[in-house]
Amino acid sequence: MYRSHTKYLCRMRDHQITSLVNTNGQNELYGRMIFRDNTFQGIFTVTMENLASNDTGHYRCGITTSGKHPVFDVHLQVSDEPVSVPVIQYLSPANVSRLGNSVSLSCESFQGSLPIQYRWYERTSSGHPKISDTNELALQCQSFNHQHHQYYCNASNWFGARSSAVVNVTVFNNSEICSYVTEINGTISGALWAEDKVRGVVGRAVTIDCHYAPMYRSHTKYFCRMWGHQCTSLVNTNGQNEQYGRMTIRDNTTEGLFTVTMENLVSNDTRHYRCGITTSGNHPVFDVHLQVSDEREYSFTTVSSASFMMWKVGRWLLFALLMISTISVMWVARETKRRDESDPHSLVLQEVK
């Protein structure tokens, strides 16, 4: 019954009523307040942004009518909250550090009064120098001058400061590329990676390459098939070459690469698989999807597509020939008529009645 009436929000302070926002079925913006009136659901809402301590107090929702206004009082309590422990997240894929590229990290406190300021520091033997004034940090392999580095993020507001977990970086330099791995709370990025999508053909073999960091040279590697959330082990090795049925696993500890070759592929080999390394903590894993297709079906599709294209081209060629023939006949007829009309010796025969 109040859909067409004006709604308002006011503040109660020292027996005084101060109108803040009001609207009639519309969305309005008043300074830090946004007023929305959903007449269909019978709800009007007021959003207050950038809260401050002095926003604490009594407020009143009301509806303007010709009689007594329906009102409802609300008490808003705004508290000053210190920041929570900042959480570090990866903004880059897991394999970029193994390729020598930059790894981006973000730091964020999900609780605490605004504004929140972020700073990144590096732990060194001589102190903790500041390296960034933002909530993001880019790790560049070329900038590392030691094999091990440690970083952490600090979040602070007017009511406190908290530090994040430590980011441990281990650098591996060889003659070809600078690579490294990062570890946060036992989660390692860049320790293991592979191509996430691999294609194979029925009856043939396919090889899946799993790259790993040098720290895992002496660890056991394995390859398993995913059934739901379960991983059924297929092959595993420890620096050796092993063959299990249709599968052969080879571990090249010098290059940090173990490969799994699957022979005589069949259609139901299509599914998700997992490369993994056995460790005492969290096992580094990387999931791979294998798609096995029938080459005969592919060839048939290719031939059919080619035939279809040849038919389309031939159709257009035939149409072009017909057009050329028609134009040629019309041109010859016109030229013949013009020649006959211009010849003074042409005879005109008339019928004599």
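Partly exposed denotes a relative accessible area between the buried limit, under 20%, and the exposed limit, over 50%. This definition will be needed at the third stop of the tour, which passes through the cysteines of a predicted model. Searching the whole structure yields 3 disulfides.

**First stop: Cys-107 and Cys-153**

Select Cys-107 and Cys-153, which are joined by a disulfide with an S to S distance of 2.0 Å. Distant parts of the chain are linked here: Cys-107 belongs to strand β9 (residues 103-108) and Cys-153 to strand β13 (residues 148-157), 46 residues apart. Next, display the torsion about the S-S bond of Cys-107 and Cys-153; its value is about -80°, so the disulfide is left-handed. Adding a surface representation concerns both partners: Cys-107 is buried, at a relative accessible area of 0%, and Cys-153 is buried, also with a value of 0%.

**Second stop: Cys-210 and Cys-275**

Move the selection to Cys-210 and Cys-275, where a disulfide has an S to S distance of 2.0 Å. This pair, too, links distant parts of the chain, with Cys-210 in strand β20 (residues 206-212) and Cys-275 in strand β26 (residues 271-277), 65 residues apart. Cys-210 has 0% relative accessibility and therefore counts as buried. Cys-275 likewise counts as buried, at 0% relative accessibility.

**Third stop: Cys-224 and Cys-231**

Now select Cys-224 and Cys-231, a disulfide whose S to S distance is 1.6 Å. Which handedness does the link of Cys-224 and Cys-231 have? The angle about the S-S bond is 75°, and the link is right-handed. Is Cys-231 buried or partly exposed? Its relative accessibility is 31%, so Cys-231 counts as partly exposed: this value is neither under 20% nor over 50%. Its partner Cys-224, at 1% relative accessibility, counts as buried.

**Last stop: Cys-10 and Cys-61**

Finally, select Cys-10 and draw a distance from its sulfur to the closest cysteine sulfur, which lies in Cys-61. The separation is 8.5 Å, too far for a bond, because a disulfide requires the two sulfur atoms to be within 2.5 Å. Cys-61 is in no disulfide, and the cysteine sulfur nearest to it is that of Cys-10. With 2% relative accessibility, Cys-10 counts as buried, whereas Cys-61 counts as partly exposed at 25%.

Terms used:
Residues numbered from 1 in each chain as written. Predicted model: local features only at pLDDT ≥ 70, side-chain atom pairs only at ≥ 80, totals over all residues. Heavy atoms only, no water. Helix = DSSP H or I, 4+ residues; strand = E, 2+ residues; numbered from the N terminus. Buried < 20%, exposed > 50% of the residue type's maximum accessible area, 1.4 Å probe, protein only.
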